[in-house]
Amino acid sequence: EKIFGQEYGVIFLNEAVQLSQLVVAKIQTRLAQKIEGLKNFIIYDCNPRSPAHWLYQKFYIERPEGFIKLTWFTIDNKNNISEDIINRLQKLPSTEKRRYLEGEWCENIEGVVYKNIKSMNIIDVSKNWSYYNDIVVGIDWGYYTHASIWGIKEDKAYCIYEIVVINGKTSDLIRELDKIPWLKRNQYDCFCDHELDRIQELCDAGYNAKKAYKEVGAGDDTVNGYELFFDKNCVETFQSMLNLMYKKDKDDNYIEAHEKINDHGADSARYALHGYRKEYNIAHGHYFFKRL
């Protein structure tokens, strides 16, 4: 939101893996400055993540005209860095070494929050609500308000729809929710980030909105306990969950707190699935299996 109204001839995106496609699409609209003799372009700089990441798909698989991929390794710069750095990289855990030293895009990298996000599970998800045991909605408020609608089928969770409202009001989200024909206002729980005025507005509109259970560790266990599937149109939710990472402490150890980068879709998913577990599975005495 800080670049709207600006125009640029060249844009450099550092650590581009931390940006969503939606954000990048907005940034691309700012590549509009006209300078004689200059061809406008964007540079995306990043370390590798999962091969399911949208950047990998764009530059390695789709490779549209005008997209150029350049790869270089730490060892290529050995004349300008100390041997100590190379030695430390060589002692990293297997996946981190493959990423940072060998430049490989790896599945299930160290520090990733959700281990059950798989590109093979992007499918044409059933829109027949009767297929599911229940439907649940998660909502994360913000400049990028994100809602994800999930169908629960035993220990499987299907992301059926996603809604992203940029710089909009609660009424804009309600309007988008109302477009989903079978999503009846008072039949499904909506677990929301704790903005009470917005929750009340949803309730006033007839939705069964309530505060989400926001405990991170227990919520992550819940999400990791499901086998997850994503409709092919739920790109933002998939990418947000795929790339959500734990923070590191001062000793470089991962801690039970999330990096607050491109996390709206992941938060809405956690609110939905953990809220459902807390109020249905446990309340009804259902044992919840944690998937390894």
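**Salt bridges, a surface patch and a hairpin**

Hi everyone, let's start with one residue: K156 is partly exposed, because its relative accessible area is 25%. (Buried means under 20% relative accessible area, exposed means over 50%, and partly exposed is in between, with a 1.4 Å probe and protein chains only.) This is a predicted model, so local features need pLDDT of at least 70 and side-chain atom pairs count only at pLDDT 80 or more, while totals for chains, interfaces and linings use all residues. Residues are numbered from 1 along each chain as its sequence is written, and side-chain values use heavy atoms, leaving out hydrogens and water.

What does K156 pair with? It forms a salt bridge with D155, and their closest N and O atoms are 3.9 Å apart. (A salt bridge is a Lys or Arg side-chain nitrogen within 4 Å of a carboxyl oxygen of Asp or Glu.) D155 is partly exposed too, because its relative accessibility is 36%. Across the whole structure, the search finds 19 salt bridges.

Please turn to E96 and K248. Their side chains meet in a salt bridge of 4.0 Å, N to O. How far apart along the chain are they? They are 152 residues apart, with E96 in helix α4 and K248 in strand β10, so this pair links distant parts of the chain. (Helices, H or I with at least four residues, and strands, E with at least two, are DSSP runs numbered from the N terminus.) Is E96 buried or exposed? E96 counts as buried, because its relative accessibility is 6%. K248, on the other hand, is partly exposed, because its relative accessible area is 34%.

Next come D263 and K260, whose side chains meet in a salt bridge of 2.6 Å, N to O. D263 is buried, because it has just 5% relative accessibility, whereas K260 is exposed, because its relative accessible area is 57%. These two also belong to a network: salt bridges with shared partners join K260, D263, D267 and R270.

Let's go back to β10, because K248 sits there. This strand, residues 246-248, runs antiparallel to β11, residues 254-258, and 2 bridges join them. (Two strands pair if DSSP finds at least two bridges between them.) Which residue of β11 stands opposite Y246? That is H258. Now look at the turn of the hairpin: there are 5 residues between the strands, and D252 takes a positive phi near 70°.

For a helix, find α7, at residues 216-225. It is mostly covered, with 7 of its 10 residues buried. Among the buried ones are D220, T222, V223 and N224. Glycines are on that list as well, namely G217, G219 and G225.

Finally, let's visit the surface. Here V10, F12, I35, L38, F41 and I43 form a nonpolar patch, and together they have about 490 Å² of accessible area. (Patch residues have over 30% relative accessible area and no salt bridge; like charges are joined within 9 Å, and nonpolar side chains, meaning Val, Leu, Ile, Met, Phe, Trp and Tyr, within 5 Å. The areas come from the Shrake-Rupley method with a 1.4 Å probe, and for residues only the protein chains shown count as cover.) Which strands supply at least two residues each? They are β1, 10-13, and β2, 41-44. L38 lies in the loop between α1, 21-28, and β2. L38 is partly exposed, because its relative accessibility is 32%. Thanks for listening!

Methods:
Areas by Shrake-Rupley, 256 points an atom, 1.4 Å probe, with all protein chains shown as cover. Pairing = 2+ DSSP bridges.
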